[in-house]
Amino acid sequence: LQSPEKGYPSAATPSPDPSEDPIGFIEAVLERLKTDVGVLAEAPVVAAFSLLYDTDKPAYLRLRQRAKLQNKDCEHEHAL
């Protein structure tokens, strides 16, 4: 991922428009998923996954799998 200074998403600041780079947007979101399980329910994240589902199924499936694995890790780290 490139730096936010160049207008590209980073792990700390995902792009506000997932339609510009849905893969980069979701990759940045996966970093946030480490500490914020709710990020997957945010409207821009759902929109990015929907766009990939319609336009690039292999990328959608790969990122979906990464999100599932990351979410599993998040559950274990924060279990009470």
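Buried here means under 20% relative accessible area. Keep that cut-off in mind for the close-ups below, which all come from a predicted model.

**View 1. Q70 on helix α3 is tucked away from the surface.** Q70 is part of helix α3, which covers residues 57–77. The relative accessibility of Q70 is 18%, so this residue falls on the buried side of the cut-off. Leaving aside residues up to four places away in sequence, Q70 touches L30, L33 and K34. Have a look at V37 too: 33 residues separate V37 from Q70 in sequence, yet their C-alpha atoms are 9.3 Å apart in space.

**View 2. The rings of F49 and Y60 meet edge-to-face.** The model has a count of 2 aromatic pairs. In the pair made by F49 and Y60, the ring centres sit 6.1 Å apart and the planes are at 85 degrees, which is why the pair goes down as edge-to-face. This pair ties together distant parts of the chain, with F49 coming from helix α2 (residues 43–55) and Y60 from helix α3, 11 residues apart. F49 has a relative accessibility of 13%, so it counts as buried. Y60, at 16%, counts as buried as well.

**View 3. Y53 pairs with Y60 and has a lysine over its ring.** Y53 and Y60 also make an edge-to-face pair, with 5.0 Å from centre to centre and 80 degrees between the planes. Put F49, Y53 and Y60 together and you get one aromatic cluster. How exposed is Y53? Its relative accessible area is 39%, so Y53 is partly exposed. Now find K57: it lies over the face of Y53, 4.3 Å from the ring centre.

**View 4. Helices α1 and α2 cross obliquely.** Helix α1 spans residues 22–32, and its axis comes within 9 Å of the axis of α2, crossing at roughly 135 degrees. Oblique is the word for angles that are not under 35 degrees, not over 145 and not from 65 to 115, and that is why α1 counts as oblique to α2. The crossing of α1 past α2 is left-handed. Which residues make the contact? On the α1 side they are P22, I23, F25, I26 and V29, and on the α2 side P44, V45, A48, F49, L51 and L52. You have already met one of these: F49, the buried ring that pairs with Y60.

Note on methods. Residues numbered from 1 in each chain as written. Predicted model: local features only at pLDDT ≥ 70, side-chain atom pairs only at ≥ 80, totals over all residues. Heavy atoms only, no water. Helix = DSSP H or I, 4+ residues; strand = E, 2+ residues; numbered from the N terminus. Buried < 20%, exposed > 50% of the residue type's maximum accessible area, 1.4 Å probe, protein only. Contact = heavy atoms within 4.5 Å. Phe/Tyr/Trp six-rings, centres within 6.5 Å; stacked < 30°, edge-to-face > 60°. Lys NZ or Arg CZ within 6 Å of the ring centre and 35° of its normal. Axes fitted to C-alpha atoms, helices over the stretch in contact; angles between N-to-C directions. Left-handed = near helix turned anticlockwise from the far one by under 90°.
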